[in-house]
Amino acid sequence: MPPPETQPTNALINESSPYLLQHAHNPVPWMPWGRAAFDEARRRDVPIFLSIGYATCYWCHVMERESFESHATAKVMADRFVCVKVDREERPDIDEAYMAATQIMTGSGGWPMSVFLEPVEGRPFWAGTYFPPEPMHGRPSFVQVLEGVSSAWKNQRGEVMEQAERLADAVGDGLNARVGERIDVGPQAIAEALRTLLTMVDRTNGGFGGAPKFPQPVYLELLLTARDSADDATRQAADVALRHALDRMMVGGIHDHVGGGFHRYAVDVTWTVPHFEKMLYDNAQLLTAYARASRVYGDVGYAHTARRIVEWAEREMRLESGGYASALDAEVDGREGLNYLWTADEVRAVLDGDEADLAVSVYGLDRGPNFQDPHHRESPPSNVLRLDERLEKRDDPGLREQLDVINAKLLAVREERRAPLRDDKCLAAWNAMMLHGLAAAAIDLDDAELLVKAERTAGFLRDHMLGEDGLPMRSWRDGKASIPGFLEDSAWCVRGLAELARARIVLESGDPKEAIDAATSMLNTAMQTFGDADRSGVLFDTRRPELFVRGRSTYDGATPCAHSVLLHAMGALHELAPDSGVLDKAKGVLRAMSPAIADSPLGTAGSTSALLRFMRQAQELAEAVIDAELERVRSLPEPVDESFTPVEIYASGDRVTLGPDLPAEFHLVVRIKEGWHIYAADPGKADLPPLRVSVRGGTGVRVYADYPKGTPWSHDEGVLVHESEVEFPVALELDGEWSGRPMLIVSYQACDDRRCLPVRTVELDVAIDRECEGELGVD
């Protein structure tokens, strides 16, 4: 990279997004999304290269260092494309549309997203994610991608445009949720969502599904909501799932024990090693979940965890303006998690005597390191701090207070370290999530100070983020609001204001009517702005068509979709002001959502729990039962012996030989006991552990498996599974330097209709020989 005085500057220098500003001095002639970029691409008759990411994205930083800071690569980009950068957090509509295209093309997605568009309508015709500077791990180099796409645009234009049309149609089919005749959904949908969720529970490690493990607060909210309307046995099953998830996250390394708050996800099944980003939206939702659970179960540990989330948010995310920043980066100086890692010696250098011994013991530092930077193997191993068990299980009533003192001392030293980058833009939806979380926690923890913090957040949204139409703008930074907000922003603001009104009533502080009126007015405007003029209750994610598709998202992800948030907001407003007319609007939205809820009650978990909320209000449920369909999931089954597996795996041979021009192939047969199934290689949902064949114990061997597609699961057609028996070919070839003793492994998760066993990894009894200089040798 050239010295600062000769740094290039591109058009991103005039943007406010920290992510875009990170790229403002790349030698790539980046342009922001907009008409100017498309006009330029049409003038030059070149495609648009669209790169989408966010400021705290680790692999975005890697690709920038490797490719976007390279003058040679930048020249290829500039000569053959108009290059556009988008902050996915500022423009979720662009991100969602092109992520759908990427997933359709590649079967997966992620960031940075790399998409090539025809310049007339912006339809994608080729897509991927991260590309390395040199070919590796089956990925072409980024320059190879650029040259290949450019060649296709010049020499195969007709085929490129046909592919763009097909891909755009497929994206439209996926993002425009089905709207048809109203489908009756009620207790059966709630029962189906619960039944499916309870079969996904990881009974060993807590949470739902295998690694990487995400908190999935939308599932926690569903269980917390549904348990109150279930009979005793079903409530007990929900409580077991809830408490195990909350407990294991709370003691794991995904929880920042020193500073409070939670990292984005854990890379392993035990919640030990996090991906070190800390996102405002995760912590806002987990604040709500832990505070609510503390009230439901009378659990002081959950209450303490909720308060630590608030402490972290106030200390590290609250800005002078009163709003909250968006996120903290995963890396420091190019090293993932560097700010959060400790060794026993570092802890002993901070603490004295008994305190040091206690910290080293409680946080497991006396058992050796648990973290090795996978991207910098030369770095010494260290520790992510985690607990083995809840503090209450130790016979020491003063232990929590002792750890609070220890953590404060460790934090003081940690704050002297170089801090991770903070994305200091304020997003309306995420700040409104914090407003909702603070107001709800104020009620659940009976804490007036939390209400004060909620009021300050509401004041920031009111004073800085409302547009002339009374709806929130999307983003605010350095005194300026930009980008008209999306349905998500309005929905969360309405829900946050409704919860603020409820907190004012419960804590007898402030005027609830003012918040109710503001929420109702915003709701009415949002329904007009985002609604379909021809179809009552149908809402779009954006104010007007701008892309090649206008999305209408109904499924939940890391955050609940805007429809489910708005339904909860309307439910809260109806409870607060029954004569406001909100109920009629809610019925319209529920009618429009009913096909999606019927198709996948768990995929629409937020809307399903909102449905239950309205059913309670209408008194359509019996006092303590949801539906007879819950009979099959009245309680979680007893644990099985850890050695038990309903799966047998056989290979067609016990030895293969590989050489420079000598690949090998054999067949695997997977036999599954009646009544059980395993998830397919592409199970249809990102949080389900797939069937995988891979290599461990050495390097130099690449595996290719022609996985069968799988069949729709009888309880959720969106999930693909294998039952009975499945056979497929596996191919091997040499790839890179041979080291160690490569061995073949198969990983899978077996489930029946009531439970899922832990993910199992088995070694195949297949020896791998290497042909060496005319002889066979085994290393």
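**Exercise 1. Locate Pro-212 and describe the peptide bond that precedes it.**

Solution. In this predicted model, Pro-212 sits in the loop that runs between α8 (187-199) and α9. The bond joining Ala-211 to Pro-212 is cis, and its omega is about -10 degrees. A second cis bond leads from Trp-111 to Pro-112, with omega near 5 degrees. Pro-112 belongs to the loop between α5 (92-106) and β4. For reference, most peptide bonds are trans.

**Exercise 2. State the sign of phi for Trp-271 and for Glu-508, then decide whether each residue is buried or exposed.**

Solution. Begin with the general expectation: most residues other than glycine have a negative phi. Trp-271, which is not a glycine, has a positive phi of about 65 degrees. Trp-271 is placed in the loop between β6 (265-266) and β7 (274-275). Its relative accessible area is 1%; the limit for buried is under 20%, so Trp-271 is buried.

Glu-508 also has a positive phi, near 55 degrees. This residue lies in the loop between α18 and α19 (512-530). Its relative accessibility is 72%; exposed means over 50%, so Glu-508 counts as exposed.

**Exercise 3. Give the strand order of the sheet that contains β1, and identify its edges.**

Solution. The sheet is open, has 5 strands and mixed pairing, and follows the order β1-β3-β2-β4-β5. β1 (31-32) and β5 (124-128) each have a single partner strand, so they are the edges, and one side of each lacks a neighbour in the sheet. β1 pairs with β3 (residues 82-87) in the parallel sense over 2 bridges. Pro-32 has Lys-85 of β3 as its bridge partner. Helix α6 (residues 142-155) packs on this sheet and touches β2 (48-53), β4 (113-117) and β5. The directions of α6 and β5 make an angle of about 170 degrees.

**Exercise 4. Repeat the analysis for the sheet that contains β21.**

Solution. This open sheet of 4 strands has antiparallel pairing and the order β23-β24-β21-β26. β23 (711-713) and β26 (750-751) are the edges: each has a single partner strand, so one side is left without a neighbour in the sheet. Within the sheet, β21 (residues 677-679) and β24 (residues 716-722) pair over 2 bridges. Ile-678 stands opposite His-722 of β24.

**Exercise 5. Characterise the second largest pocket by volume and lining.**

Solution. The volume is about 580 Å³. The lining comprises 30 residues; nearest the centre are Glu-221, Thr-288, Arg-292, Arg-495 and Arg-613. By class, 12 lining residues are nonpolar, 7 polar and 11 charged. The largest share, 7 residues, comes from α11. Helices supplying at least two lining residues each include α9 (217-226), α11 (280-297) and α22 (605-617).

Methods. Residues are numbered from 1 along each chain as its sequence is written. This is a predicted model: local features need pLDDT of at least 70, side-chain atom pairs count only at pLDDT 80 or more; totals for chains, interfaces and linings use all residues. Side-chain values use heavy atoms; hydrogens and water are left out. On a 1 Å grid over the protein atoms alone, a cavity is a set of points where a 1.4 Å probe fits but cannot get out, and a pocket is an open set with protein on both sides within 12 Å along at least five of seven lines; lining residues have an atom within 4 Å of a point. Grid points are joined across faces, edges and corners, and a volume is the space filled by probe spheres set on the points. Ala, Val, Leu, Ile, Met, Phe, Trp, Tyr, Cys and Pro count as nonpolar, Asp, Glu, Lys and Arg as charged, and the others, Gly among them, as polar. Two strands pair if DSSP finds at least two bridges between them. Contact means heavy atoms within 4.5 Å. Axes are lines fitted to C-alpha atoms, for helices over the stretch in contact, and angles run from 0 to 180 degrees between N-to-C directions. Buried means under 20% relative accessible area, exposed over 50%, partly exposed in between (1.4 Å probe, protein chains only).
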